[in-house]
Amino acid sequence: MMLWHFVFWLSCAVAVVCSASLLFVRKPMHGAVYLTTAMCALAVAFYLLGAPFIAMMQLILYVGAIMVLFVFVIMLSPLQETFPLQLQDRSLWPGLILLILMLLELGALLLGGLQVDPTTPQIIDSKAVGELLFGHYKLAVEAISTLLLAALVGVMYFARHLQNHQERKAPEARPAQKEAN
């Protein structure tokens, strides 16, 4: 019992720390490592809460597929720019407000007595998840899959546009480099 509590709260702490660290990393690859660690910690928490199917889906989908895709995009991306965290940047404020709201919610849960009973976990099997996904939530699943496909096409378009822009810009920089040598 004590080991279960220790591992559960440790995995939750790792997930929170890694998620918060995403705000302060300078290189995209470091952010991918932090996000992968947070996803693994969430999978451990799901497993300990009695949802082994969700834990395995977390590992297979997020860590195994999506994060590998992110790492390939980061490695193949021609952009090597870093974006340092600046509090004067107004685009940062919605994320910080959401972080503060999540921390307040976590504090309210912890102060109000988190009702987790590890002795009687509810087992969610793959059949129940499949019935819900392709039954009651079928329209939502189709909408999300269409949204993800549109996002993938948009990313490919912007990546191609940036690559063409850099190729047009590169010949202008080459004569300056030759003169410098």
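Among contacts in this protein between residues at least 6 apart in sequence, 65% join residues at least 24 apart. The model is a predicted one. Its secondary structure consists of 6 helices and 0 strands, giving the pattern α-α-α-α-α-α along the sequence. Of the 181 residues, 13% count as buried. The accessible surface comes to about 14300 Å², and carbon and sulfur atoms account for 71% of that area.

Helix 3 can be described in more detail.

| Feature of helix 3 | Value |
|---|---|
| Residue range | residues 52-76 |
| Number of residues | 25 residues |
| Span, first C-alpha to last | 34 Å |
| Expected span at 1.5 Å a residue | 36 Å |
| Kink centred on Met-67 | about 30 degrees |

The span of helix 3 is thus close to the expected one, although the helix has a kink at Met-67. Met-67 is also one of the buried residues of helix 3; Ala-55, Gln-58 and Val-63 are buried as well. The cover over these buried residues includes helix 2, which runs over 28-48.

A nonpolar patch of about 710 Å² lies on the surface. Its members are Met-56, Ile-60, Leu-61, Tyr-62, Ile-66, Leu-69, Phe-70 and Val-73. Val-73 is found in helix 3. Why can Val-73 belong to a surface patch? Patch residues need over 30% relative accessible area, and Val-73 meets this cut-off because its relative accessible area is 45%. With that value Val-73 is partly exposed.

Notes. Residues numbered from 1 in each chain as written. Predicted model: local features only at pLDDT ≥ 70, side-chain atom pairs only at ≥ 80, totals over all residues. Heavy atoms only, no water. Patch = residues over 30% accessible without salt bridge, like charges linked within 9 Å, V, L, I, M, F, W, Y side chains within 5 Å. Areas by Shrake-Rupley, 256 points an atom, 1.4 Å probe, with all protein chains shown as cover. Salt bridge = Lys/Arg side-chain N within 4 Å of Asp/Glu carboxyl O. Helix = DSSP H or I, 4+ residues; strand = E, 2+ residues; numbered from the N terminus. Buried < 20%, exposed > 50% of the residue type's maximum accessible area, 1.4 Å probe, protein only. Contact = heavy atoms within 4.5 Å. Expected span 1.5 Å × (residues − 1). Bend = angle between axes of the 7 residues up to and from the residue.
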